[in-house]
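Q: I should like to learn how to read the features of a protein model. Could we work through one together?

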Amino acid sequence: IFHRSTWTPEDYCYLQDLFTSEAARGKGVGRALIAGVVARAKDHGTSRVYWLTHETNNQAMILYDQVAQKSG
């Protein structure tokens with residue numbers, strides 16, 4: 001979802017829901033999906049890509065910690 005920001009003149013990109021089937025997990029599918037979103041966001045000229053996940057989603061957090069920095 002591309003949306004305006006009050007902090008920058010460029011839009012932000014919110015990755016609302018990332019999901020892969022059980023069979024696809026651990027095979028790089030999530031990483032590829034995130035890379036695709038980041039590439040599209042870059043083409044759009046956004047200044048930030050972000051998403052939220054529950055702190056108990058340990059499997060997702062492992063991937064997210066590898067591809068992004070926690071903003072707090």
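The dialogue below takes up the sheet, the nonpolar core and one loop residue of this predicted model.

Q: What is the order of the strands in the open sheet, and how are they paired?
A: Strands of a sheet pair through backbone hydrogen bonds, either parallel or antiparallel. Here the open sheet has three strands in the order 1-2-3, and the pairing is mixed. Strand 1 (2-3) and strand 3 (48-50) stand at the edges with a single partner strand each, so one side of each has no neighbour in the sheet.

Q: How many bridges join strand 2 to strand 3?
A: Three bridges join strand 2 to strand 3, and the two run parallel. Across this pair, Tyr14 stands opposite Tyr50 in strand 3.

Q: Which residues form the largest nonpolar core?
A: In soluble globular proteins, nonpolar side chains tend to be buried together. In this model the largest nonpolar core consists of seven residues: Leu15, Ile34, Trp51, Ala60, Met61, Leu63 and Tyr64. Helix 2 (residues 58-67) gives the most to this core, with four residues.

Q: Which residues is Met61 in contact with, leaving aside its neighbours within four places in sequence?
A: With those neighbours left aside, Met61 is in contact with Thr53, His54, Glu55 and Lys70.

Q: Is Thr20 buried or exposed?
A: A residue counts as buried under 20% relative accessible area. Thr20 has a relative accessible area of 13%, and is therefore buried. Thr20 is found in the loop between strand 2 (12-14) and helix 1 (29-44). Beyond its neighbours within four places in sequence, Thr20 is in contact with Arg25, Val29, Gly30 and Leu33.

Note on methods
Residues are numbered from 1 along each chain as its sequence is written. This is a predicted model: local features need pLDDT of at least 70, side-chain atom pairs count only at pLDDT 80 or more; totals for chains, interfaces and linings use all residues. Side-chain values use heavy atoms; hydrogens and water are left out. Buried means under 20% relative accessible area, exposed over 50%, partly exposed in between (1.4 Å probe, protein chains only). Contact means heavy atoms within 4.5 Å. Two strands pair if DSSP finds at least two bridges between them. A nonpolar core is a set of buried Ala, Val, Leu, Ile, Met, Phe, Trp, Tyr and Cys residues joined through side-chain atoms within 4.5 Å.
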